[in-house]
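Please open the model in a viewer and set the display to show the backbone together with the side chains. The tour below proceeds by selection, and each stop describes what is to be found there.

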Amino acid sequence: MKKIFFPFFYLVSGFVFSQSNFELGLLPKAIFSKEISEKTKWINSVELRTILYDDNFQITHSLIDLSTILSQTTGLNQSFNFGYILRARDQEIIHRTFQYYNFVNQYGSLKLAHRFAFEQFFQSKKRTTYRIRYQISAEKPLNGERVDVNEFYLKMGNEYLYNFDNNLEIRFTPYLGFRATKKDRIEIGFDYRISEFIENSTMNNLWFRTTWYISLD
């Protein structure tokens with residue numbers, strides 16, 4: 001685990017004490033999934049973002065994301081996702097399309113997942129922008145070899161996002177998960193993001209995140 005997340009801690013230690021801006025907020029999300037066939041799944045989600053603290057000491061509703069994804073399993077531990085996100089932010093509408101490649105390795109009770117992504121952003125009267133992403137995450141049950149109903153698990157994630165406007169963002173996401181039933185589970189934790197340090201104007205965001213996964217099968 002230390003080897004997996006060492007790059008994150010190394011980079012953050014170099015920037016966290018530099019001149020920076022800071023935001024604190026809530027990031028609740030609900031994800032609904034439905035199997036279309038043995039290898040195809042349809043996933044929809046809604047996510048809200050509320051800022052509780054920023055440099056202006058204002059509580060504001062930041063944005064809402066509505067997404068729909070088609071996930072296609074191509075191998076035992078591999079899948080491709082193709083999706084669309086509609087983002088409403090203030091008076092602005094942003095359209096995003098994306099393509100994800102995912103693969104998972106199992107090491108005993110430890111599940112290690114990788115995701116490679118390419119995203120496109122479309123806005124009225126603005127040029128199209130592009131972003132690439134890589135995420136690595138590890139999930140481990142607190143009891144036994146797998147997560148059963150009424151059991152807890154830990155999930156740790158580290159993600160790197162780069163858009164072609166010369167901006168790199170790094171995310172670190174420690175979560176505590178709980179499987180309530182066979183068809184739903186919830187994860188609670190933090191989503192810490194650091195960005196814009198390439199231009200020496202660091203932006204720090206700390207979100208308290210809750211994610212509710214619901215299977216409709």
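**First stop: strands β4 and β5**

Select Ile85 and Arg96: in this predicted model, Arg96 in β5 is the bridge partner of Ile85. Extending the selection to the whole of β4 and of strand β5, residues 92–107, shows two strands that run antiparallel and are joined by twelve bridges. Next, select Asp90, in the hairpin of β4 and β5. Two residues lie between these strands, and Asp90 takes a positive phi near 55°.

Return to Ile85 and display its surroundings. Which residues is Ile85 in contact with, leaving aside its neighbours within four places in sequence? They are Asp65, Leu66, Ser67, Ile94, His95, Arg96 and Phe98.

**Second stop: the nonpolar core**

Keep Ile85 and Phe98 selected, and add Ile31, Ile43, Ile69, Tyr100 and Ala117. These seven residues make up the largest nonpolar core.

**Third stop: strands β3 and β4**

Select residues 60–73, which form strand β3, and residues 78–89, which form strand β4; the two pair in the antiparallel sense over ten bridges. The hairpin that joins β3 to β4 does so through four residues. Within this pairing, select Asp65, which stands opposite Arg87 in β4. Asp65 is also among the residues in contact with Ile85.

**Fourth stop: strands β6, β7 and β8**

Move on to strand β6, residues 110–123, and strand β7, residues 129–141. These strands run antiparallel, with eleven bridges joining them. To see one position in the pairing, select Ala113, whose bridge partner in β7 is Ser137. Then go to the hairpin of β6 and β7, where five residues lie between the strands and Lys125 takes a positive phi near 65°.

Strand β7 also pairs with strand β8, residues 151–163, in the antiparallel sense and over eleven bridges. Here, select Tyr134, which stands opposite Tyr160 in β8.

**Fifth stop: the aromatic rings**

How many aromatic pairs does the structure hold? There are eleven. Begin with Tyr101 and Phe116: their ring centres are 6.5 Å apart and their planes are at 20°, so the pair is stacked. This pair links distant parts of the chain, with Tyr101 in strand β5 and Phe116 in strand β6, 15 residues apart. Tyr101 is partly exposed, with a relative accessible area of 25%. Phe116 is likewise partly exposed, with a relative accessible area of 40%.

Now add Phe103 to the selection. The rings of Phe103 and Phe116 have their centres 6.4 Å apart and their planes at 15°, so this pair is stacked. It too links distant parts of the chain: Phe103 is in strand β5 and Phe116 is in strand β6, 13 residues apart. Phe103 is partly exposed, with a relative accessible area of 21%.

Finally, add Phe80 and Tyr134. Ring pairs link Phe80, Tyr101, Phe103, Phe116 and Tyr134 into a cluster. Tyr134 is the residue visited earlier opposite Tyr160 in β8.

**Sixth stop: Asp191**

Select Asp191 in strand β10, residues 184–195. Is Asp191 buried or exposed? It counts as buried because its relative accessibility is 3%, and the cut-off for buried is under 20%. Display the side chain of Arg209 as well: a polar contact of 3.5 Å joins it to the side chain of Asp191. Not counting residues up to four places away in sequence, Asp191 touches Leu27, Arg171, Phe172, Thr173, Tyr175, Asn205, Leu206, Trp207 and Arg209.

**Seventh stop: charges over rings**

Trp207, one of the residues that Asp191 touches, leads to the next selection. Add Arg49, whose charged end sits over the ring of Trp207, 5.1 Å from its centre. A second example is found by selecting Arg185 and Tyr213: the charged end of Arg185 sits over the ring of Tyr213, 4.0 Å from the ring centre.

**Last stop: the whole chain**

Clear the selection and view the entire chain. Its secondary structure comes to one helix and eleven strands, and from the N terminus on the order is α-β-β-β-β-β-β-β-β-β-β-β. Of its 217 residues, 39% count as buried. Among contacts between residues at least 6 apart in sequence, 47% join residues at least 24 apart.

Notes: Residues numbered from 1 in each chain as written. Predicted model: local features only at pLDDT ≥ 70, side-chain atom pairs only at ≥ 80, totals over all residues. Heavy atoms only, no water. Core = buried A, V, L, I, M, F, W, Y, C linked by side-chain atoms within 4.5 Å. Buried < 20%, exposed > 50% of the residue type's maximum accessible area, 1.4 Å probe, protein only. Contact = heavy atoms within 4.5 Å. Polar contact = N/O pair within 3.5 Å; in protein donor to acceptor, adjacent residues only side chain to side chain. Pairing = 2+ DSSP bridges. Phe/Tyr/Trp six-rings, centres within 6.5 Å; stacked < 30°, edge-to-face > 60°. Lys NZ or Arg CZ within 6 Å of the ring centre and 35° of its normal.
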